[in-house]
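Here are my notes for you on this one, written to be read with the viewer open. Take the points one at a time and find each spot as you go.

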Amino acid sequence: MKKFTIRSVVAIGIGTALYIVLSLVSIPLAFIPNTAIQPRAALLALLAAIFGPIVGGAVGLLGHILADAFQYGGVWWSWVFPDAVFGILAGIFASKYQIEKGGFATKQIVLFNAVQIVANALAWIVLAPILDIVIYAEPANKVFTQGAFAFLGNIITIGILGTLLAVAYTKVKASSSSLDRED
Amino acid sequence: MGRLLTYSDKNTWIHRLCGVTKMVFFILWSIVGMITYDTRILLFMFVSSLLLFAMSKTEYHQVATVLKVILFFLLINVVAIFFFSPYQGTKIYGTRSDLLHLAGYYTFTKEQLFYELNIILKYFTVIPVALMFIVTTNPSEFAASLSKLGVKYSIGYSIAIALRYIPDIQKNFQEIKTAQEARGIDMSKNVKLIPRIKNIIAIIFPLIFSSLERIDTISNAMELRGFGKHKKRTWYSERAFQLSDYITIAFILLFSILAMVITFYDGSRFYNPFIILSFIL
């Protein structure tokens, strides 16, 4: 695992700020009630895939806390921790994606999406409802339904937006570092 | 585009408190508010948070937009709880007294009413304190004072960067959005779903990529200035602990312990007026 570098410090800071600003953007999906395309989820997946689990987890945690606080004035803790866990899980294979080296191709796309689906399932279908029940004593069927919708919204968002972002970014990076030395 | 709460500079004793003091207060306050279902404690917290809110001279218009959003979500949540689990209250309090039969499976019971009132109260104990925490705490002073809690300064610095760059990135977002709108790219709900997603991509991609570039610029600048060389650093906007900080922290610690003792005194986190009532009747 990579060390906690200056770049990670800055990536957490800027990533969190970006996550908070993107929290203000979401498109409700009319055909599935209660579900929205949230670009911030795609951003979190991208940051985790580029910078690894520490940055991913920290942006998920800080970003969600601050975005909740600035937007609603309250923090819904049982949904903060799943976001942090998602950030950590999504970043575990960061070195395999090679986004910054311009190597994010079909194989990596498949792995990226497999990981995001598993991580989302753990975070939103398992962890979030359990925390809702333990912390807030809310009815089980309500929170599991909510969790399932959050799961759906997120895998769609990250599957489309997250993949596109990573593909586009890997192209930008490749073009900037593909200069050959002339003999 | 919604609005975010922002710090406003005023001179009250709450503004003068250390950022960390307010954070400790806010965290313990919301944990107690989260754990306890004891109506007496919740009522006490609700009244005192309103008092604190008034003392911080926070004006209604500062928080109005945000408050409306919260109330809207609260309403949805309360209705959803009843819809999914109309007998949660009965289950918790162990008795059942019907008030009104609605339709089919749904009957409105006193226990459910009481349980949902408690949930609403839980929101209202935390909301004023949270709003106040944000509008009275200077972000840079807050990040600086985190080091007092023993938080490593690199983490404090991450938070400082995040708070520092929110307005910049928001401005950046507006600029890109306006520029793209001038080219006929609209991300409002007047557009159908698929083109709307495409338009959002046209706006957030440049935003995300320019921000990722910013990460490299800033970290290079910090590296050049030797960030992280020493174990400690000084902060420009750090504030020393004062008597009022110690008093506030002592109060919140005492209160939290007391609240937990009262809540769990009878072995359950729920205050149950129904059992007491059935003893009397």
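1. Let's start with a small detail in chain A. Ala137(A), just after α6(A), takes a positive phi of about 50°. Keep in mind throughout that you are looking at a predicted model.

2. Now step back into the helix itself. Helix α6 of chain A covers residues 106–136, which is 31 residues. From first C-alpha to last, α6 of chain A reaches 42 Å, close to the 45 Å expected at 1.5 Å a residue. Where does α6(A) have its kink? Look at Leu127(A): the kink there is about 35°, and the proline Pro129(A) follows shortly after.

3. Over to chain B. Its secondary structure adds up to 11 helices and 2 strands. Going along the sequence, you should be able to tick off α-α-α-α-α-β-β-α-α-α-α-α-α. Chain B is more spread out than a compact globule, because its radius of gyration is 24 Å, well over the 19 Å that the globule rule gives for 281 residues. Along the principal axes, the C-alpha atoms of chain B fill a box of roughly 75 × 60 × 30 Å.

4. A couple of percentages for chain B are worth jotting down. Of its 281 residues, 31% are buried. Take the contacts in chain B between residues at least 6 apart in sequence: 76% of them join residues at least 24 apart.

5. How is chain B divided into domains? The domain assignment gives domain 1 as 1–138 + 241–281, and domain 2 as 139–236. Notice that domain 1 of chain B is written as two stretches of sequence. The centres of the two domains of chain B, taken over C-alpha atoms, are 32 Å apart. Where the domains meet, 6 residues of domain 1 of chain B are in contact with 8 residues of domain 2 of chain B. The domain 1 side of that meeting has 3 nonpolar, 3 polar and no charged residues.

6. Next, pick out α2(B). It has 17 residues and reaches 24 Å from end to end by C-alpha, close to the 24 Å expected at 1.5 Å a residue. Its buried residues include Phe25(B), Phe26(B) and Trp29(B), along with Gly19(B) and Lys22(B). What covers the buried residues of α2(B)? The cover includes α3 (39–55), α6, α7 (139–145) and α10 (243–264) of chain B.

7. Then there's the place where the chains meet. Here 49 residues of chain B are in contact with 44 residues of chain A. Five helices of chain B each supply at least two residues to the side that touches chain A: α2 (19–35), α4 (60–84), α6 (110–136), α8 (153–182) and α9 (193–224). Which helix gives the most? That's α9(B), with 16 residues. By class, the side of chain B that touches chain A has 36 nonpolar, 10 polar and 3 charged residues.

8. Finish by zooming in on Arg7(A), which lies in helix α1 (residues 6–22) of chain A. Is Arg7(A) buried, exposed or partly exposed? Arg7(A) counts as partly exposed because it has 19 C-beta neighbours inside 10 Å, and a buried residue needs 20 or more. Leaving aside neighbours within four places in sequence, Arg7(A) is in contact with Ile215(B) and Ser219(B). Within chain A, the C-alpha atoms of Arg7(A) and Val55(A) are separated by 9.8 Å, though the two are 48 residues apart along the chain.

Terms used
Residues numbered from 1 in each chain as written. Chains lettered and ligands numbered in written order. Predicted model: local features only at pLDDT ≥ 70, side-chain atom pairs only at ≥ 80, totals over all residues. Helix = DSSP H or I, 4+ residues; strand = E, 2+ residues; numbered from the N terminus. Expected span 1.5 Å × (residues − 1). Bend = angle between axes of the 7 residues up to and from the residue. Rg over C-alpha atoms; globule rule 2.2 N^0.38 Å. Buried ≥ 20, exposed ≤ 12 C-beta atoms within 10 Å, placed from the backbone. Contact = placed C-beta atoms within 7 Å. Nonpolar A, V, L, I, M, F, W, Y, C, P; charged D, E, K, R; others polar. Domains from an automatic or database assignment.
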